[in-house]
Amino acid sequence: MPSLTHYKKQSRLIPTSFTISAYAYESIGAMGRDISGTNPGSSAFSLANGAVGFMFTLEQRTKFSGLAVANGATVSGNISIAIYDENFKRIVTTGAVAQAGANTNQVIALAFTLNPGLYYCVLSVDNTTSTFLSKAVTNASAQSHGLVQMSAAHPAPATFVNEKYTVTTFPTFGPTQKTAL
Amino acid sequence: MRYRPEPMISGKSIRLGIGGALISSQGIPTTSVAVSSAGGANRATFIPIKIPCAGVIKQVWWRNGATIAGNIDCGVYDVLTDGSKLPGARLGSSGSTPQGTANEIQYADITDINIKFPKTVYVAIVSNSNTATLFSSFMGTQYAKFMDIVGQASAFPLPSTAAATAAALTSSSFFTDFGVSFRPAV
């Protein structure tokens with residue numbers, strides 16, 4: 001019988017990215033170009049007490065150390081980042097946390113492990129002054145790549161109720177295996 | 001069937017590097033950029049790449065720009081196991097190597113690196129000349145940090161143990177056209 005080592009050598013599972021944003025291999029990836037072909041810039045979040053999210057898949061069990069967001073030039077109020085399963089049931093959440101650090105990547109420490117599968121990562125914000133490193137999006141492109149939205153969702157609720165995507169920007173955020181970005 | 005790794009993996013690979021993020025922001029993004037505009041001389045750039053199966057890294061390579069100057073060091077680093085996911089021990093490197101021919105891929109033999117299982121490693125590159133050019137990308141410093149790219153100042157030649165951090169990535173342009181090869185160059 002072949003050994004475990006044999007099977008490990010034969011496997012072709014691509015290791016999980018250290019940090020998964022919507023533009024990582026595990027999510028939309030290069031097709032983010034279809035959403036908006038420009039560099040992300042600092043943009044206000046236009047959905048007070050609302051949330052936006054992206055789906056991602058994991059090929060292997062992965063241990064994460066936090067949930068991260070790329071803050072823009074103005075920080076304000078509270079944010080909440082959460083991971084949902086494919087049925088939009090919340091698995092982990094940061095709860096409401098003060099947005100901190102203009103023009104920096106804020107990593108909110110939260111240890112959790114996810115098995116292979118499909119997940120959603122959601123960012124909710126309690127105000128429209130907060131800015132994030134975001135890409136401009138068109139609604140149709142956002143919908144075609146599975147971006148999700150919920151208008152009354154702060155802090156991130158236990159169940160996410162997906163609505164038609166109407167926000168014109170999409171922030172940079174996601175789970176990370178790192179402690180600083 | 002015995003799977004084999006892609007013969008060459010670069011920092012801008014879509015599946016195995018940060019190519020998805022690059023393309024989503026800049027399309028086909030690479031151009032010849034002076035070292036002075038990509039962090040400056042002696043500042044190393046580290047990009048994580050995913051090795052999907054067992055294999056032996058035989059060479060490192062980089063894509064020279066239009067102006068050749070000084071020396072290059074290109075290497076491969078393991079990932080620290082302390083939870084930081086930052087680069088740690090150097091697995092191999094070209095050592096200080098005169099930059100070769102303009103606008104061509106330059107290969108350097110390294111001592112074989114035997115990758116036993118799928119894993120992530122960092123590829124690193126550094127030049128000791130501000131006037132040298134390499135093919136590079138632009139996508140904004142903060143966004144690059146979110147894509148797990150890190151930097152290290154005063155890193156020529158590449159150190160045996162990295163001390164790279166996200167904070168030490170200081171430029172919006174950074175080298176992306178370099179990587180590893182699992183077969184000898186032809």
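**Two chains, their interface and the spaces around it**

Let me start with a small space. The second largest cavity is lined by nine residues of chain B that you can pick out yourselves: Ala38(B), Gly39(B), Arg43(B), Ala44(B), Thr45(B), Ala168(B), Leu169(B), Thr170(B) and Ser171(B). Its volume is about 40 Å³. By class, that lining splits into four nonpolar, four polar and one charged.

Ground rules next. This is a predicted model, where local features need pLDDT of at least 70, side-chain atom pairs count only at pLDDT 80 or more, and totals for chains, interfaces and linings use all residues. Residues are numbered from 1 along each chain as its sequence is written, chains are lettered from A and ligands numbered from 1 in the order in which they are written, and side-chain values use heavy atoms, with hydrogens and water left out.

Some terms. On a 1 Å grid over the protein atoms alone, a cavity is a set of points where a 1.4 Å probe fits but cannot get out; a pocket is an open set with protein on both sides within 12 Å along at least five of seven lines; lining residues have an atom within 4 Å of a point. Grid points are joined across faces, edges and corners, and a volume is the space filled by probe spheres set on the points. Nonpolar means Ala, Val, Leu, Ile, Met, Phe, Trp, Tyr, Cys and Pro; charged means Asp, Glu, Lys and Arg; the others, Gly among them, are polar.

Back to the cavities. The whole structure holds two of 30 Å³ or more. The largest has about 190 Å³ of space. It is lined by 18 residues, and closest to its centre are Ser17(A), Gly17(B), Ile18(B), Lys50(B) and Met147(B). Strand 3 of chain B gives the largest share of that lining, three residues. (Helices are DSSP runs of H or I, at least four residues; strands are runs of E, at least two; both are numbered from the N terminus.) The lining has 11 nonpolar, five polar and two charged residues.

Now the interface. How many residues does each chain bring to the contact? Chain B brings 43 and chain A brings 42, with contact meaning heavy atoms within 4.5 Å. The chains bury about 3300 Å² between them, 58% of it on carbon and sulfur atoms. In chain B, Lys50(B), Gln142(B) and Phe146(B) lose the most area to chain A, together 23% of what that side buries. Buried area is the accessible area (1.4 Å probe) that two parts lose on being put together, summed over both.

There are two salt bridges between the chains. (The rule: a side-chain nitrogen of Lys or Arg within 4 Å of a carboxyl oxygen of Asp or Glu.) Asp148(B) and Lys178(A) meet in a salt bridge, 3.7 Å from N to O. On the side of chain B that touches chain A, helix 1 of chain B has the largest share, six residues. That side divides into 24 nonpolar, nine polar and 10 charged.

The largest pocket holds about 580 Å³ of space. Of its 22 lining residues, the closest to its centre are Pro15(A), Phe18(A), Gln177(A), Lys85(B) and Thr120(B). Strand 3 of chain A gives the most to the lining, four residues.

Last, the backbone. The bond from His154(A) to Pro155(A) is cis, omega near -10°. Pro155(A) sits in the loop between strand 10 and strand 11 of chain A. Phe156(B) and Pro157(B) are also joined by a cis peptide bond, omega about -10°.
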